Amino acid sequence: MDVKNTPSYLYWLFCQFELITCSYLMEPWEKVLFYSFNLALLGLLLYTTYVCVAFHASSAFQLLCSFLGNPRENALGVLK
């Protein structure tokens, strides 16, 4: 993809978005509310995904480490 064509491609994507959501029929103040609401929801979704994925990845890593553990410690625990 050419760097020169990037703005026209982004404009084409925006036009497709407006056609799909029928927001081209809205008045300007309605578009502002609609886009603000959508951006706020997208931001909350991305933030929640970031927090939850980080938490679950950390928990899974700790669980995996506890299963693998240190073989020497496990062997000594059995002998005691």
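The following exchange examines the terms applied to this predicted model.

Me: What makes the contact between Lys-31 and Glu-18 a salt bridge?

Reply: The term requires a side-chain nitrogen of Lys or Arg within 4 Å of a carboxyl oxygen of Asp or Glu. The side chains of Lys-31 and Glu-18 meet at 3.2 Å, N to O. The pair therefore satisfies the criterion. A search of the whole structure finds one salt bridge.

Me: Which parts of the chain does this pair tie together?

Reply: Glu-18 belongs to helix H1 and Lys-31 to helix H2, so the pair links parts that lie 13 residues apart in sequence.

Me: Why is Glu-18 called buried, and how is Lys-31 classed?

Reply: Buried means under 20% relative accessible area, and partly exposed runs from there up to 50%. Glu-18 has a relative accessibility of 12%, so Glu-18 counts as buried. Lys-31 has 22%, and therefore counts as partly exposed.

Me: How do you know whether Ser-23 is buried or exposed?

Reply: The relative accessible area of Ser-23 is 0%. The limit for buried is under 20%, so Ser-23 is buried. Ser-23 is found in the loop between H1 and helix H2, the latter spanning residues 28-68.

Me: Which residues does Ser-23 touch, leaving aside those up to four places away in sequence?

Reply: Ser-23 touches Glu-18, Lys-31, Phe-34 and Tyr-35. Two of these residues, Lys-31 and Glu-18, are the partners in the salt bridge.

Me: Why is Trp-12 called partly exposed?

Reply: Trp-12 has a relative accessible area of 46%. The class lies between the limit of 20% for buried and that of 50% for exposed, so Trp-12 is partly exposed. Trp-12 is located in helix H1, which covers residues 6-21.

Me: What makes Trp-12 eligible for a nonpolar surface patch?

Reply: A patch residue needs over 30% relative accessible area. Trp is among the nonpolar side chains considered, and the value of 46% for Trp-12 therefore passes this cut-off. Together with Tyr-9, Leu-10 and Leu-13, Trp-12 makes a nonpolar surface patch of about 410 Å².

Me: What is the secondary structure over the annotated "transmembrane region"?

Reply: The annotation comes from an unreviewed UniProt entry and covers residues 32-53. Over these residues the chain is 100% helix and 0% strand, with the end C-alpha atoms 31 Å apart.

Me: How is the chain as a whole built, and what share of its residues counts as buried?

Reply: The chain has three helices and zero strands, in the order α-α-α from the N terminus on. Of its 80 residues, 4% count as buried.

Methods:
Residues are numbered from 1 along each chain as its sequence is written. This is a predicted model: local features need pLDDT of at least 70, side-chain atom pairs count only at pLDDT 80 or more; totals for chains, interfaces and linings use all residues. Side-chain values use heavy atoms; hydrogens and water are left out. Patches are made of residues with over 30% relative accessible area and no salt bridge: like charges are joined within 9 Å, nonpolar side chains (Val, Leu, Ile, Met, Phe, Trp, Tyr) within 5 Å. Accessible areas come from the Shrake-Rupley method with a 1.4 Å probe; for residues, only the protein chains shown count as cover. Helices (H or I, at least four residues) and strands (E, at least two) are DSSP runs, numbered from the N terminus. Buried means under 20% relative accessible area, exposed over 50%, partly exposed in between (1.4 Å probe, protein chains only). UniProt positions are given in the numbering used here, feature names are shortened, and annotations may be inferred rather than shown by experiment. Contact means heavy atoms within 4.5 Å.
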